[in-house]
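Got the model open in your viewer? Keep the selection box handy, and we'll go from stop to stop.

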Amino acid sequence: MSARRRWTVLAVCCLSMFLVGMDTTIVNVGLPAIGRGLDVGTQGLAWTVDAYTLVLASLLISSGALADRFGRRRVFRLGLAVFGAASLVCAVAPSAGTLIAARAVQGVGASMLSPVALAIVVSAMPNPKERAQAIGIWASVFGLSMAVGPVTGGFLIEALGWRSMFWINAPIVVAALVLTAVFVPESRAHRARRSDLPGQALLTLTIGLSVGALIEGPRIGWASPAALTMYALTAMTAIAFVRIESRRPEPLMDPRLFRNPGFTGAVLAAVAVFVALNVALLLNTFYLQLARGWTPLTAGLATLPMAVGATVCAPLSGGLVGRTGPRLPLALAGGFVTAGGLCLIGLNQHTSTPLLLLAYLLIGIGFGFANAPITTTAVSALPPARAAVAGGITSTARQFGAALGIAIAGALVTATQPTELAHATRPGWALVAACGALLFLFAHTSHRRKPTTRESGTA
């Protein structure tokens with residue numbers, strides 16, 4: 001394969017990843033407009049976002065295994081088609097129930113794009129140096145897409161209404177399908193993993209129940225029988241998942257990997273980063289549009305410093321990781337996220353716009369610095385043969401963190417009057433700061449070590 005075609009393959013994969021990442025956050029800025037258009041409250045709006053992230057988090061690893069078995073290009077194209085078709089249903093959804101269901105199907109399609117795109121890039125780039133550059137670009141594009149989603153959404157809603165956030169996916173999907181058919185070669189793993197249906201079902205239930213309890217808690221009561229039942233079911237499915245996965249020859253997610261403190265810390269850091277980002281985005285949306293009366297476009301533009309910070313610092317972080325290791329960029333990520341959260345911990349109805357923009361910039365810088373060292377730490381903590389598994393688990397952790405952050409932010413502002421929104425969001429900004437502190441702590445306690453024999457063995 002020529003160099004030109006290899007980089008074209010990267011461009012196609014980056015296009016699809018931009019779509020997946022942007023769709024994770026673009027809907028945030030449109031939630032008030034969706035609520036008015038479909039007459040749905042905060043819980044329904046939280047499910048509109050989390051239906052996508054929950055399914056995406058649950059299926060990432062299984063979709064990667066399916067691609068290894070049946071062909072990466074085939075599964076990639078199927079994912080594009082499913083994502084595009086679901087986007088069209090979202091665009092014409094007559095009710096909140098239809099929109100939430102279509103968003104879940106979007107998550108199914110997106111799960112076939114995220115891990116498969118990376119596998120295609122790795123397969124197309126046999127040269128280690130070229131491959132490292134490609135992965136860095138791929139990761140930067142994904143981070144950028146998450147950050148620019150609210151800005152893009154604000155422009156679309158202001159000009160064409162909230163349904164345009166889903167219509168815009170159609171031409172991008174068509175272009176990606178055509179380019180994939182022309183330029184992307186088919187590839188498979190040398191040895192595909194066996195499917196793990198019990199593990200997949202239990203992982204989906206555990207993630208869904210834990211996030212669902214947070215979303216529905218304000219409505220049903222945190223100590224109600226229904227809530228207590230959800231807590232118990234979450235614990236039971238989590239325990240069953242660990243027990244079953246520990247005994248399977250080829251588990252979906254091997255619990256023994258978490259005996260490695262470096263890997264476990266990286267996974268927790270991935271959750272923390274995306275909790276912080278999504279809490280910040282959702283609280284920003286409700287505060288600026290409902291409490292301050294800003295338009296979707298203005299609220300989206302307010303997050304532009306966040307997008308700029310993430311875009312500028314993501315490649316800088318990759319370079320730092322290559323030169324000094326993951327500790328310094330991870331410490332910078334933790335420091336900036338903590339500072340951003342602390343800026344708004346005393347948020348009120350009249351907090352100055354410069355302070356808001358500064359906070360968003362700091363959080364964006366922290367987000368930009370975070371992804372490269374987290375992935376590097378997770379992968380380097382395990383043997384090379386487990387690199388793909390490490391990447392899949394950290395990707396799942398990111399999406400779980402996104403779903404968790406949305407659920408927590410929604411719970412904070414449920415049934416809150418516009419005049420009380422600023423005060424109601426304060427615990428959320430404290431949580432953002434706490435997530436940053438966790439990153440900073442991980443940066444200073446993590447250390448690289450060779451995996452033990454038990455960790456390096458196959459599952």
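Start by selecting Ala226, which sits in helix H10 (residues 225-247); helices here are DSSP runs of H or I with at least four residues, and strands are runs of E with at least two, both numbered from the N terminus. Ala226 is partly exposed at 40% relative accessibility, where buried means under 20% relative accessible area, exposed over 50% and partly exposed in between, using a 1.4 Å probe and protein chains only. Now add Ala213: the two C-alpha atoms are 9.2 Å apart, with these positions 13 residues apart along the chain.

Some small print before moving on. This is a predicted model, in which local features need pLDDT of at least 70 and side-chain atom pairs count only at pLDDT 80 or more, while totals for chains, interfaces and linings use all residues. Residues are numbered from 1 along each chain as its sequence is written, and side-chain values use heavy atoms, with hydrogens and water left out.

**Stop two: H1 and the loop after it**

Select Asn28 in helix H1 (residues 3-38). Is Asn28 buried or exposed? Asn28 counts as buried, with a relative accessibility of 1%. Show what surrounds Asn28 and, beyond residues up to four places away in sequence, you'll find Leu281, Leu282 and Thr285 touching it; contact means heavy atoms within 4.5 Å.

Next, go to Asp39, in the loop between H1 and H2. Asp39 is exposed, at 72% relative accessibility. Check the backbone here: phi of Asp39 is near 55 degrees, a positive value in a residue that isn't glycine. Most residues other than glycine have a negative phi.

**Stop three: an aromatic pair, then H3 against H4**

Switch on the rings. Phe, Tyr and Trp rings (the six-membered one for Trp) pair if their centres lie within 6.5 Å; planes under 30 degrees apart count as stacked, over 60 as edge-to-face and the rest as tilted. By that rule there are 5 aromatic pairs. One of them is Tyr52 with Phe83: the ring centres are 6.4 Å apart and the planes stand at 70 degrees, so this pair is edge-to-face. Tyr52 belongs to helix H2 (residues 42-70) and Phe83 to helix H3 (residues 72-92), so to speak a link between distant parts of the chain, 31 residues apart. Tyr52 is buried, with a relative accessible area of 0%, and Phe83 is buried with a value of 0% too.

Keep Phe83 selected and bring in helix H4 (residues 96-111), whose axis is 7 Å from that of H3, at an angle of about 165 degrees. Axes are lines fitted to C-alpha atoms, for helices over the stretch in contact, and angles run from 0 to 180 degrees between N-to-C directions. H3 is therefore roughly antiparallel to H4: under 35 degrees counts as roughly parallel, over 145 as roughly antiparallel, 65 to 115 as roughly perpendicular and the rest as oblique. The H3 and H4 crossing is left-handed, that is, the near helix is turned anticlockwise from the far one by less than a right angle (clockwise would be right-handed). On the H3 side, the contact includes Gly79, Val82, Phe83 and Ala86, and H4 brings residues including Leu99, Ala102, Arg103 and Val105.

**Stop four: Leu177**

Jump to Leu177 in helix H8 (residues 169-183), partly exposed at 26% relative accessibility. Apart from neighbours within four places in sequence, Leu177 contacts Arg77 and Leu80.

**Last stop: H13, H14 and H15**

Colour helix H13 (residues 304-324) and H14: their axes come within 7 Å and cross at roughly 140 degrees, so the two are oblique to each other. Ser317, Leu320, Val321 and Thr324 of H13 meet Leu328, Pro329 and Leu332 of H14.

Then add H15. H14 and H15 pack at about 155 degrees, with axes 7 Å apart, which makes H14 roughly antiparallel to H15. This crossing is left-handed.

For a final close-up, select Phe336 and Phe369. Their ring centres are 6.3 Å apart and their planes at 10 degrees, so the pair is stacked. Phe336 is in helix H14 (residues 327-343) and Phe369 in helix H15 (residues 353-380), 33 residues apart. Phe336 is partly exposed at 26% relative accessibility, whereas Phe369 is buried, with a relative accessible area of 8%.
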